[in-house]
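Dear colleague,

I am passing on the structure we spoke about, with the sequence and the model shown just below. Please have a look at it before reading my notes.

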Amino acid sequence: MKKILVLMAAALVALAPMSAQTKRDARNARNDAASAAKSLKREGFKTLELGNVESQFERYFLKVNAGCRQIVGTAENCVSVNLAKITALSNAANEYSITCGGTVRGRIVSSASSLTTQQVDNIVASFERLVEKRIGSELMPYVVAFKTKKGVTSARAYCLVDIAEAYKARKEAMEMALAEQSLSEQYGSMVSDWIDEGFDKAGL
């Protein structure tokens with residue numbers, strides 16, 4: 001009996017930090033949701049999704065706090081709400097790919113000095129194109145907000161992408177980019193270094 005009680009006590013002690021973290025994440029999500037909802041309302045945006053805006057954002061930020069990557073795409077001067085949504089989603093993927101490309105470029109330049117500037121440009125361009133294509137299919141739009149004024153519509157798409165899928169997209173994109181430039185054999189072993197280190201710190 002004593003052994004069971006000791007094990008139960010140990011389990012409760014182990015769960016305490018997790019419970020505190022969960023409560024902290026929930027509180028942060030509520031605060032972020034309230035701020036985001038107020039900002040949209042102040043700027044005249046409405047959401048496509050039915051229901052309470054704060055609740056929608058709270059679910060969104062809980063996912064962000066749990067480790068999903070947050071990507072926000074925007075669109076301006078569109079002729080319809082649907083086109084604005086599609087454009088915002090496309091721009092979200094494009095923005096993510098460009099950000100990743102900038103991070104990768106610095107690593108390539110610092111670790112592969114034998115590559116010419118043109119070769120680096122070609123690798124990064126291919127990498128960005130392939131990341132954008134792959135990540136676009138993985139984006140999950142949680143909240144899409146829009147406003148129409150004088151016949152034109154603006155939109156914001158608040159998207160998430162799973163960390164593991166984001167990593168997979170970057171890795172496959174870099175491998176394919178090197179293959180396109182016939183550099184796989186020479187630099188294939190460096191792919192992990194180029195797409196891993198620092199991406200978490202950059203929120204990618």
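What follows is a short account of the sheet, the nonpolar cores and the aromatic residues.

Please keep in mind while reading that this is a predicted model.

I begin with the sheet, which is open and made of four strands in the order β1-β3-β4-β2, with antiparallel pairing. The edges are taken by β1 (46–47) and β2, and each of these has a single partner strand, so one side of each is left without a neighbour in the sheet. Between β3 and β4, which run antiparallel, there are nine bridges, and within β4 it is S154 that serves as the bridge partner of K147. Two helices can then be placed against these strands: α2 lies across β1, β2, β3 and β4 and runs at about 40 degrees to β4, while α3 packs on the sheet by touching β2, β3 and β4, its direction making about 135 degrees with that of β2.

Turning to the interior, the largest nonpolar core contains 39 residues, and those with the most contacts inside it are I108, F127 and M174. At least two residues of this core come from each of β2 (69–78), α3 (81–111), α4 (117–138), β3 (140–149), β4 (152–161), α5 (163–180) and α7 (191–196), with α3 giving the largest share, eight residues. If residues up to four places away in sequence are left aside, M174 touches V104, I108, I123, F127, V191, W194 and I195. There is also a second, separate core of 15 residues, which includes A37, L40, F57 and V143.

F57 also appears among the aromatic residues, where the count comes to seven pairs. The ring centres of F57 and Y60 are 6.4 Å apart and the planes stand at 80 degrees, so this pair is edge-to-face; both residues lie in helix α2 (residues 53–65), three residues apart, which is about one turn of the helix. F57 has a relative accessibility of 0% and counts as buried, and Y60 is likewise buried, with a relative accessible area of 0%. The rings of F57 and Y158 have centres 5.0 Å apart and planes at 90 degrees, so this pair too is edge-to-face, but here the pair links distant parts of the chain, with F57 in helix α2 and Y158 in strand β4, 101 residues apart. Y158 is buried, as is F57, and one aromatic cluster is formed by F57, Y60, F61, Y142 and Y158.

With best wishes

Conventions:
Residues numbered from 1 in each chain as written. Predicted model: local features only at pLDDT ≥ 70, side-chain atom pairs only at ≥ 80, totals over all residues. Heavy atoms only, no water. Core = buried A, V, L, I, M, F, W, Y, C linked by side-chain atoms within 4.5 Å. Buried < 20%, exposed > 50% of the residue type's maximum accessible area, 1.4 Å probe, protein only. Contact = heavy atoms within 4.5 Å. Phe/Tyr/Trp six-rings, centres within 6.5 Å; stacked < 30°, edge-to-face > 60°. Pairing = 2+ DSSP bridges. Axes fitted to C-alpha atoms, helices over the stretch in contact; angles between N-to-C directions.
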